[in-house]
Amino acid sequence: MPDLLTHVLVVYAVMTALTWRLGRLHSRLIPVAMAGTVIPDLAKIELLVPPRVIETVLGIPFSWRPIHRIGGAIVLVGLFALLFDRGDRWSVAVVALFGALSQFPLDGFIRRANGLSPPYLYPVTWWQPPAGDLYLSSDLWPVIPALLLAGAVWCRDRRGSEAG
Amino acid sequence: MVVLIGLLLGQFVHYGAVAAQHHDSPSTSALSTDYTEHVGENLYRWARVTEVRPNSVRVRSGRLEFTLTRRIPNVKPGDSLQIYGRVAPNHRVVPIEVVVSDSTGLVSLYLLSAVGLLVTVGLFLREWTVNWTTVTFTARGRDR
């Protein structure tokens with residue numbers, strides 16, 4: 001993925017713009033969508049708890065990768081929504097899912113040596129989409145347009161709030 | 001909640017069991033178990049540069065160490081590489097395509113990501129708080 005800051009800024013900008021159009025979308029849901037973007041990155045737990053440790057202890061095959069795939073992300077969004085008041089769960093689930101799934105198109109632009117992105121659509125399919133080859137995961141430049149976009153949206157939103 | 005946890009654990013096990021069959025690259029455990037059986041196959045891995053030699057580069061990828069059989073321009077120890085190549089005898093890899101991420105960029109990536117996490121947590125806690133009665137997040141202004 002690009003850095004998390006780029007990602008949450010893009011989601012902030014899109015969600016804030018959506019609140020202008022969709023009256024039912026409360027601004028308190030914007031940080032929920034931003035939190036949703038973090039969900040697929042929980043797969044980094046494999047750096048702390050390598051799957052082979054679990055395989056050795058439990059004697060079964062194991063991988064953390066489904067967290068960074070559509071199937072695991074959907075299930076984790078469901079679990080995340082259960083952390084909220086009953087009346088908020090559906091709206092939280094929808095916006096957190098938007099945040100989580102936005103990770104995959106942004107990830108899809110990363111340059112890959114084999115020319116293929118990972119099978120994001122697991123468990124639906126193992127198909128690997130072609131890599132977008134726009135940036136490296138270590139490139140820092142994507143944060144600049146993301147900052148400009150989020151800054152412009154923030155200014156417009158602030159002006160709208162003051163006018164309204 | 002039990003159903004969701006069950007679905008998640010099921011995916012962890014299923015992916016671990018069958019992912020290798022769907023990838024155009026042998027897994028770490030497959031290479032560790034019988035390296036010679038995979039000679040000639042395509043390999044796609046992330047690796048870290050451990051040593052730069054005049055005509056080759058030594059890398060570590062998880063438990064495995066490889067020698068890339070040609071010089072890769074502008075790499076230094078600590079850099080992260082994506083390697084797409086062909087498995088050769090004696091833990092060598094003939095690179096077809098190599099993508100270099102320098103170590104400075106990776107440190108900055110982690111720093112920016114930490115800032116992103118802080119921004120997210122800060123904005124989240126500005127709008128939501130914990131209702132300790134129900135042990136759930138509740139919108140600020142509605143908490144008791």
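The angle between two helices runs from 0 to 180 degrees between their N-to-C directions, and each axis is a line fitted to C-alpha atoms over the stretch in contact. The exercises below concern a predicted model.

**Exercise 1.** Determine how helix 5 of chain A and helix 1 of chain B are oriented to each other.

*Solution.* Helix 5 of chain A spans residues 70-81, and helix 1 of chain B spans residues 2-22. Their axes lie 9 Å apart and form an angle of about 155°. Angles over 145 degrees count as roughly antiparallel. The two helices are therefore roughly antiparallel to each other. Their crossing is left-handed.

**Exercise 2.** State which residues make the contact of these two helices, and classify them.

*Solution.* Helix 5 of chain A contributes G71(A), G72(A), V75(A), L76(A), G78(A) and L79(A). From helix 1 of chain B come L4(B), I5(B), L7(B), L8(B) and Q11(B). Gly counts as polar in this classification. The contact residues comprise seven nonpolar, four polar and no charged.

**Exercise 3.** Describe the extent of the interface between chain A and chain B.

*Solution.* Chain A places 51 residues in the contact, and chain B places 47 residues there. The buried area is about 4,400 Å², with 70% coming from carbon and sulfur atoms. Of the area that chain A buries against chain B, 16% is supplied by R28(A), A113(A) and W126(A), more than by any other three residues.

**Exercise 4.** Identify the salt bridge across the interface of chain A and chain B.

*Solution.* The rule requires a side-chain nitrogen of Lys or Arg within 4 Å of a carboxyl oxygen of Asp or Glu. One salt bridge is found across the interface. R111(A) pairs with E97(B) in a salt bridge, their closest N and O atoms being 3.0 Å apart.

Definitions and conventions
Residues are numbered from 1 along each chain as its sequence is written. Chains are lettered from A and ligands numbered from 1 in the order in which they are written. This is a predicted model: local features need pLDDT of at least 70, side-chain atom pairs count only at pLDDT 80 or more; totals for chains, interfaces and linings use all residues. Side-chain values use heavy atoms; hydrogens and water are left out. Helices (H or I, at least four residues) and strands (E, at least two) are DSSP runs, numbered from the N terminus. Angles under 35 degrees count as roughly parallel, over 145 as roughly antiparallel, 65 to 115 as roughly perpendicular and the rest as oblique. A crossing is left-handed if the near helix is turned anticlockwise from the far one by less than a right angle, and right-handed if clockwise. Contact means heavy atoms within 4.5 Å. Buried area is the accessible area (1.4 Å probe) that two parts lose on being put together, summed over both.
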